[in-house]
Amino acid sequence: MVSIWSAPANIALIKYWGKKEIQLPANPSLSFSLQNSRSITQVETDTSLKAGTWTFSYDGKPNAVFEKKLKIFFDRIREELSVLDRQGLRIHSKNNFPHSSGISSSASFYASLALCLCELENHAVNRTPGEKEFFQSASRIARLGSGSAARSVYGGFNLWGQSDIRGSSDEYSIPVNTDIHPDFSEYRDAVLIISSEVKSLSSSAGHALMNENPFGPSRYSQARQHLKTLYAALQKGDHTTVIKITEQEALTLHGLIMSSSGGTLLMTPQTVEAIKKIREYRTATNSKCCFTLDAGPNIHFLYPDNEKEKIHNFIRTDLASLCENQQWIDDHLGAGPMKHKNFSL
Ligand code: PMV
């Protein structure tokens, strides 16, 4: 039996930064899934392998770093996924975006792997869950690999973490697309690759530092308030509020990283320069664009679909020179994971 799924990367507008055991968020977060930037994973049961063992390749090659992380992940989920012990598994994965391009590949990777494992488990125990139940379990399993991966098992906007929004949970993410204003359901993201160097602070180390950060408790209540305000603005089509909260969340994330023990600085002069240029462009042209950041130097430049041509010109003339090798990725809000017949994207 073989299962092949692809899943998208996602970009958070309300940031998850700080967690409780095991992989439960300290505050709810809201993201949207991208369309073009994806991981594809194939999991095949193989009777020639000893039951309970597995092999892994990334881009056709063994990868010791991933293998170490996978071992921890499998130990976490072993009790509820009998397929891990029944047979041997051969796992292959790859991305269609550069590995260290500032797009979190762990979210798309764990989401695609969780979808494969849940499908194989259902087959092994002869269970046919409804669609909602299937994706909910995949989201919960993905979360145990990488928290933000919980949000990559659905398309469009996703909410992960207990909040006032009905159906939300710390255990898994839920899609929140029904009342989103059309301007945002066609939102676009140009990922500006300022630097592809490996980050000096891993996200697990960053989350852990939040336990001692003196601003932690007030940050978690700010995130809850931001979520309410931003979600209402996404529904109303209120760009002013979306821009304000999205940028404040991005800078708060970096403020938290700077104010945590060790004082890590992840933005480079080019990041700051690009932010200034984006804000100047917005003021000069009345554009509805804004930026957000992950825990790294790269910029997610967000804008409505009807500004695409002008924004692409602006990137070419003003921003590309700030990017490493002029590199940027043209992406947009997408439809979510896909089941595949072949291991190709
Ligand atoms: O899923 P993790 O542990 O890699 O954490 C991701 C954290 C941020 O990308 C910085 C924010 C988010 O909500 O995606």
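Is N126 buried or exposed? Let's start there this morning. One reminder first: what you have on the screen is a predicted model.

So, N126. With a relative accessibility of 73%, N126 counts as exposed, because the bar for that is over 50%. As for where to look, N126 is found in the loop between α3, residues 105-124, and α4. And its backbone does something you may want to click on: phi is positive there, about 60°, although N126 is not a glycine.

D59 is another one to click on. Again we have a positive phi of about 60° in a residue that is not a glycine. D59 lies in a loop too, the one between β5 (54-58) and α1 (64-77). How much of D59 is accessible? Its relative accessibility is 45%, so D59 counts as partly exposed; the partly exposed class sits between 20% and 50%.

Okay, on to the ligand. Thirteen, that's 13, residues surround it, and the closest are Y16, S148, R151, S203 and H207. If you sort that shell by type, you get five nonpolar, five polar and three charged residues.

Which polar atoms does the ligand meet? Let me walk through some oxygen distances. From S148, an N or O atom in the side chain is 2.7 Å from a ligand oxygen. D294 also comes in through its side chain, with an N or O atom 3.1 Å from an oxygen of the ligand. With G147 we are talking backbone: a polar backbone atom there is 3.5 Å from a ligand oxygen. And how much of the ligand does the protein bury? Taken alone, the ligand exposes 380 Å², and the protein buries 93% of that.

Next up, the second largest pocket. Its volume is about 290 Å³. There are 16 lining residues, and the ones nearest the centre are R166, G167, I174, P175 and V176. Three elements give two or more residues to that lining: α4 (131-145), β8 (173-175) and α7 (216-236). Which of them gives the most? That would be α4, with four residues. You'll remember α4 from the N126 loop, which sits between α3 and α4. By type, the pocket lining splits into eight nonpolar, four polar and four charged residues.

Last part: a few buried residues.

Take S3, found in strand β1, which covers residues 2-14. At 0% relative accessibility, S3 counts as buried, since the cut-off is under 20%. What does the S3 side chain touch? It makes a polar contact with the side chain of E119, at 2.5 Å.

Then there's S37, over in strand β4, residues 29-46. S37 has a relative accessible area of 1%, so S37 is buried. Its side chain makes a polar contact with the side chain of D331, and the distance there is 2.6 Å.

And finally I315, in helix α10, residues 308-319. I315 is buried, with a relative accessible area of 0%. If you want to place I315 against a partner, try Q326: the two are eleven residues apart in sequence, and their C-alphas are 9.7 Å apart in space.

That's my tour. If you open the model afterwards, try S148 in the ligand shell, then α4 at the second largest pocket, then the S3 and E119 pair.

Methods:
Residues are numbered from 1 along each chain as its sequence is written. This is a predicted model: local features need pLDDT of at least 70, side-chain atom pairs count only at pLDDT 80 or more; totals for chains, interfaces and linings use all residues. Side-chain values use heavy atoms; hydrogens and water are left out. A residue is near a molecule or strand if one of its heavy atoms lies within 4 Å of it. A polar contact is a pair of N or O atoms within 3.5 Å; within protein, one must be able to donate a hydrogen and the other to accept it, and residues adjacent in sequence count only if both atoms are side-chain atoms. Accessible areas come from the Shrake-Rupley method with a 1.4 Å probe; for residues, only the protein chains shown count as cover. Ala, Val, Leu, Ile, Met, Phe, Trp, Tyr, Cys and Pro count as nonpolar, Asp, Glu, Lys and Arg as charged, and the others, Gly among them, as polar. On a 1 Å grid over the protein atoms alone, a cavity is a set of points where a 1.4 Å probe fits but cannot get out, and a pocket is an open set with protein on both sides within 12 Å along at least five of seven lines; lining residues have an atom within 4 Å of a point. Grid points are joined across faces, edges and corners, and a volume is the space filled by probe spheres set on the points. Buried means under 20% relative accessible area, exposed over 50%, partly exposed in between (1.4 Å probe, protein chains only).
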